[in-house]
Amino acid sequence: MIFQALPEDQLLGLCIDREARGEWEAGRIAVGSVVLNRVAWGKAHPRWGRLYGDSVPSVILAPKQFSWTIANRLDPNYIGAMEIALDFTAALRNPEFGPWLKECYGLAKGLLAGTIQPNTTALYYHEKSIRPAWARKKRPLIEIGRHVFYA
């Protein structure tokens, strides 16, 4: 998969871009925070980490964890992500979506460097417009923008 070739800061930036499109900064930081929380959780709990990852790439690319990574030739979100991954530098310069991607990439770099602090301890989230079965078994922590975040 082409996403595996991206450095972790670009992959995290792309994940924030795809998952939190249109969100305020707090919502974008929360999505990035969930990824980093999962990395830490996977390292602390090896059994969980083998399933859902213990690094930024393995967490983001774990099967069926983030909708934008599920290969579907008809899904514009997936197609857009593929185009960005093919040439991330060119995507940053794209006048249509480059400024937004650049902001998401900056948040990713800040989260990874520790200059931006995570704003949730959540391991899971979903858009408010959907009600996944797994959410009934989780404790909601906070709502930020269009997303509900869970412990």
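**Exercise 1. In which helix is Gly106 found?**

Solution. Helices here are DSSP runs of H or I with at least four residues, strands are runs of E with at least two, and both are numbered from the N terminus. Gly106 is found in helix α7. The model is predicted, so local features need pLDDT of at least 70, side-chain atom pairs count only at pLDDT 80 or more, and totals for chains, interfaces and linings use all residues. Residues are numbered from 1 along each chain as its sequence is written, and side-chain values use heavy atoms, with hydrogens and water left out.

Next, take accessibility: buried means under 20% relative accessible area, exposed over 50%, and partly exposed in between, with a 1.4 Å probe and protein chains only. Gly106 counts as partly exposed because its relative accessibility is 32%. Finally, Gly106 and Gly13 are 93 residues apart in sequence, while their C-alpha atoms are 7.4 Å apart in space.

**Exercise 2. Describe the nonpolar cores.**

Solution. Step 1: a nonpolar core is a set of buried Ala, Val, Leu, Ile, Met, Phe, Trp, Tyr and Cys residues joined through side-chain atoms within 4.5 Å.

Step 2: the largest such core has 39 residues, and the members touching the most others are Phe3, Leu12, Leu14, Val35, Ile60, Trp68 and Phe88. At least two residues of this core come from each of α1 (8-19), α2 (25-44), α4 (56-60), α5 (76-86), α6 (88-93) and α7 (98-113).

Step 3: a second, separate core has 6 residues, among them Leu123, Tyr124, Val148 and Tyr150.

Step 4: contact means heavy atoms within 4.5 Å. With neighbours within four places in sequence left aside, Phe88 is in contact with Leu6, Gln10, Leu14, Leu101 and Tyr105.

**Exercise 3. Place Ser33 and Pro57, and list their contacts.**

Solution. Step 1: Ser33 is in helix α2. Ser33 counts as buried because its relative accessibility is 0%. Residues up to four places away in sequence not counted, Ser33 touches Leu111, Pro118, Asn119 and Thr120.

Step 2: Pro57 is in helix α4. With a relative accessible area of 27%, Pro57 is partly exposed. On the same counting rule, which omits residues up to four places away in sequence, Pro57 touches Glu8 and Leu11. The C-alpha atoms of Pro57 and Leu11 are separated by 7.1 Å, with their positions 46 residues apart along the chain.

**Exercise 4. What is the sign of phi of Lys64, and is Lys64 buried or exposed?**

Solution. Step 1: most residues other than glycine have a negative phi. Step 2: phi of Lys64 is near 60 degrees, which is positive. Step 3: Lys64 is in the loop between α4 and α5, and its relative accessibility of 74% makes it exposed.

**Exercise 5. Characterise the largest pocket.**

Solution. Step 1: on a 1 Å grid over the protein atoms alone, a pocket is an open set of points with protein on both sides within 12 Å along at least five of seven lines, and lining residues have an atom within 4 Å of a point. Grid points are joined across faces, edges and corners, and volume is the space filled by probe spheres set on the points.

Step 2: the largest pocket holds about 580 Å³ of space. Its lining consists of 23 residues, and Gln65, Phe66, Tyr125, His126 and Trp134 lie nearest the centre.

Step 3: α1, α3 (46-52) and β1 (124-127) are the elements giving two or more residues to the lining; β1 provides the largest share, 4 residues.

**Exercise 6. Classify two aromatic pairs by geometry.**

Solution. Step 1: rings of Phe, Tyr and Trp (its six-membered ring) pair if their centres lie within 6.5 Å; planes under 30 degrees apart count as stacked, over 60 as edge-to-face and the rest as tilted. The whole structure has 8 aromatic pairs.

Step 2: the Trp48 and Tyr52 rings have centres 5.0 Å apart and planes at 45 degrees, so this pair is tilted. Both residues lie in helix α3, 4 residues apart, about one turn of the helix. Trp48 is buried at 14%, whereas Tyr52 is partly exposed at 29%.

Step 3: the Phe66 and Tyr125 rings have centres 6.4 Å apart and planes at 45 degrees, so this pair is also tilted. Phe66 lies in the loop between α4 and α5 and Tyr125 in strand β1, 59 residues apart. Phe66 is buried at 1%, and Tyr125 is buried at 11%.

How values were computed. 1 Å grid on protein atoms, 1.4 Å probe; cavity = no way out; pocket = protein on both sides within 12 Å on 5 of 7 lines; lining within 4 Å.
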